[in-house]
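Morning, everyone. I have one structure to walk through today. Please have a look at it while I talk.

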Amino acid sequence: MECKEYREQFPLLLTDALDQPQRSEIERHLAGCADCRKEFEAAQKIWDLMGEIPQPEPSEAMRTNFDSILANYKEELIARKNPIGEWIIKLREYWSMQAQPRLAFSLLLVAVGLIGGYLLHQPGQSAISYNRQIDSLSSQVSEIKQVMMLSLLQDPSASQRIRAVSYTDDLSNVDLKVIDALFTTLDEDPNVNVRLATLEALVKLSNEPRVREGLVRSIDLQESPIMQSAIADAMVKLQEKSSVKSLQKLLSKKNLNPMVKINIEKSVKKLI
Amino acid sequence: MLKVKNGDIGKMGMLYERYHRQLYRFLFNMTRQRELSEDMVQNIFLRMLKYPGGFMGFGEFKMWMYHIARNAVYDHFRKVKRTPAHSDLTNYEERIEGEQSSDARMEKEEEIKTLETAMGKLSDENRELLILCRFQELKYNEIAKILNTTEGAIKVRVHRALNQLKSNYLKIEN
């Protein structure tokens with residue numbers, strides 16, 4: 001063996017981990033090799049000195065502390081045997097370990113949200129003004145529709161005028177201007193389809209006494225047989241007895257279409 | 001040890017009695033902090049009590065204990081990012097005051113202090129190896145089991161660690 005290999009054995013020699021033959025072999029080498037002997041002595045000095053480094057004793061309290069740790073653990077084990085106790089322990093652990101700051105923070109956030117919401121809300125006032133806004137907006141929309149309808153009624157295209165008439169369904173409160181315009185259309189519009197549509201629209205507005213009166217009045221003015229029949233039907237539908245006179249007057253007209261005549265007679269009978 | 005696995009707390013009390021001093025010294029030599037080492041001892045034993053599953057039921061309790069202790073030590077080192085080992089020398093200083101020290105004694109104290117500094121300058125691995133070998137007086141095969149390597153490798157590494165310590169010591173002394 002070379003010196004290097006002997007030197008690798010020094011710790012084994014120091015820890016007494018060699019059997020007798022190995023031990024004597026190294027000792028023989030050390031006796032003959034001054035360098036290795038010097039090396040070994042240095043190693044041995046360090047080794048011995050390490051043994052003199054003070055090794056502290058654990059404090060006396062440690063033992064009793066551990067006994068109480070054991071006692072606590074025993075209690076915990078017993079508590080764990082019933083499910084409620086187990087939950088309590090889990091909750092306690094969860095609370096103490098991590099949840100505390102997080103839970104506090106989330107509670108704070110909820111509180112800030114509640115206070116902020118309360119301050120911003122100011123009940124009553126805002127609801128009223130909100131409703132007021134909606135009211136004014138919807139009345140504005142209705143006004144716009146009215147204006148649009150009135151101007152559309154003047155449109156040269158018959159289909160546009162029918163559309164205008166149909167807008168009356170959307171108007172929330174129909175005022176005098178609209179009713180007048182409708183009657184003008186009913187009496188004077190050159191297109192029979194427009195007049196029919198107008199009649200329908202007016203029938204829907206028959207809650208207004210003015211509309212009923214106007215309808216009765218316009219019976220005289222209708223020349224077209226279709227309109228005459230339609231208006232007679234409308235009178236039956238509305239059960240407008242005051243129209244009987246006008247209808248009878250219509251019957252006396254010389255150029256009345258025979259089919260229309262039969263129809264109007266039927267209507268008059270129903271009304272009487 | 002199987003009894004502990006079955007939840008026998010009394011048995012763990014016995015093992016504590018037998019091993020806590022040895023464990024404490026290992027932790028103290030590694031960390032050089034007394035209070036920390038005491039806390040670690042309690043935590044390690046409590047851990048072994050709570051999770052006896054880690055002990056496979058073969059081998060020695062002592063080996064298992066060192067496994068857990070090493071993990072705790074290296075976790076601690078990672079946490080403190082190796083601030084220069086603050087050594088707790090109160091014990092040592094108390095002793096100086098307590099004794100009527102002769103010159104020879106003074107000289108010895110000086111050498112020990114130098115050696116402690118030299119130990120502090122070793123890498124964690126080398127220091128641990130010498131602690132296990134010299135202070136804990138474990139056998140090479142036991143150290144090999146704890147460090148999960150072969151006995152031959154441990155013998156070589158102890159030799160190198162001792163050489164390193166020697167050269168650290170000489171450097172400080174001169």
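When I say contact, I mean two residues whose C-beta atoms, placed from the backbone, lie within 7 Å. One caveat up front: this is a predicted model.

Take B:Ala69 with that cut-off in mind. Which residues does B:Ala69 touch, leaving aside its neighbours within four places in sequence? There are B:Leu23, B:Phe26, B:Leu27 and B:Ile44.

Now widen the view to the core. The largest nonpolar core holds 44 residues. Some members touch the most others, and B:Ala69 is one of them. So are two of its contacts from a moment ago, B:Leu23 and B:Leu27, and B:Ile44 belongs on that list as well. The rest of the list is A:Ile46, B:Phe45 and B:Leu165. Note the chain letters: A:Ile46 comes from chain A, the others from chain B. Which element gives the most to this core? Helix 2 of chain B, with eight residues. There is also a second, separate core, of 27 residues. Among its members are A:Ile162, A:Ala197, A:Ala201 and A:Met235. As a general point, nonpolar side chains in soluble globular proteins tend to be buried together.

Stay with helix 2 of chain B, residues 9-31. Its partner here is helix 7 of chain B, residues 124-135. The two pack at an angle of about 145°, with their axes 10 Å apart. The crossing of helix 2 and helix 7 of chain B is right-handed. On the helix 2 side, the residues are B:Arg25, B:Phe26, B:Asn29 and B:Met30. On the helix 7 side, they are B:Glu128, B:Ile131 and B:Phe135. That contact divides into four nonpolar, one polar and two charged residues. B:Phe26 is a link back to the start: B:Ala69 contacts B:Phe26 too.

Next, the two chains together. Chain A puts 27 residues into the contact, and chain B puts in 36. Where do the chain A residues sit? Helix 2 (10-14), helix 4 (34-52) and helix 5 (60-81) of chain A each give two or more. Helix 5 of chain A has the largest share, eight residues. By class, the chain A side has 20 nonpolar, four polar and three charged residues.

Last, chain A as a whole. Its secondary structure is 14 helices and zero strands. Of its 272 residues, 18% count as buried. Then sequence separation: take contacts in chain A between residues at least 6 apart in sequence, and 57% of them join residues at least 24 apart.

That's it from me. Over to you.

How values were computed: Residues are numbered from 1 along each chain as its sequence is written. Chains are lettered from A and ligands numbered from 1 in the order in which they are written. This is a predicted model: local features need pLDDT of at least 70, side-chain atom pairs count only at pLDDT 80 or more; totals for chains, interfaces and linings use all residues. Helices (H or I, at least four residues) and strands (E, at least two) are DSSP runs, numbered from the N terminus. A residue is buried if 20 or more other C-beta atoms lie within 10 Å of its own, exposed if 12 or fewer, and partly exposed in between; C-beta atoms are placed from the backbone. Axes are lines fitted to C-alpha atoms, for helices over the stretch in contact, and angles run from 0 to 180 degrees between N-to-C directions. A crossing is left-handed if the near helix is turned anticlockwise from the far one by less than a right angle, and right-handed if clockwise. Ala, Val, Leu, Ile, Met, Phe, Trp, Tyr, Cys and Pro count as nonpolar, Asp, Glu, Lys and Arg as charged, and the others, Gly among them, as polar. A nonpolar core is a set of buried Ala, Val, Leu, Ile, Met, Phe, Trp, Tyr and Cys residues joined through C-beta atoms within 7 Å.
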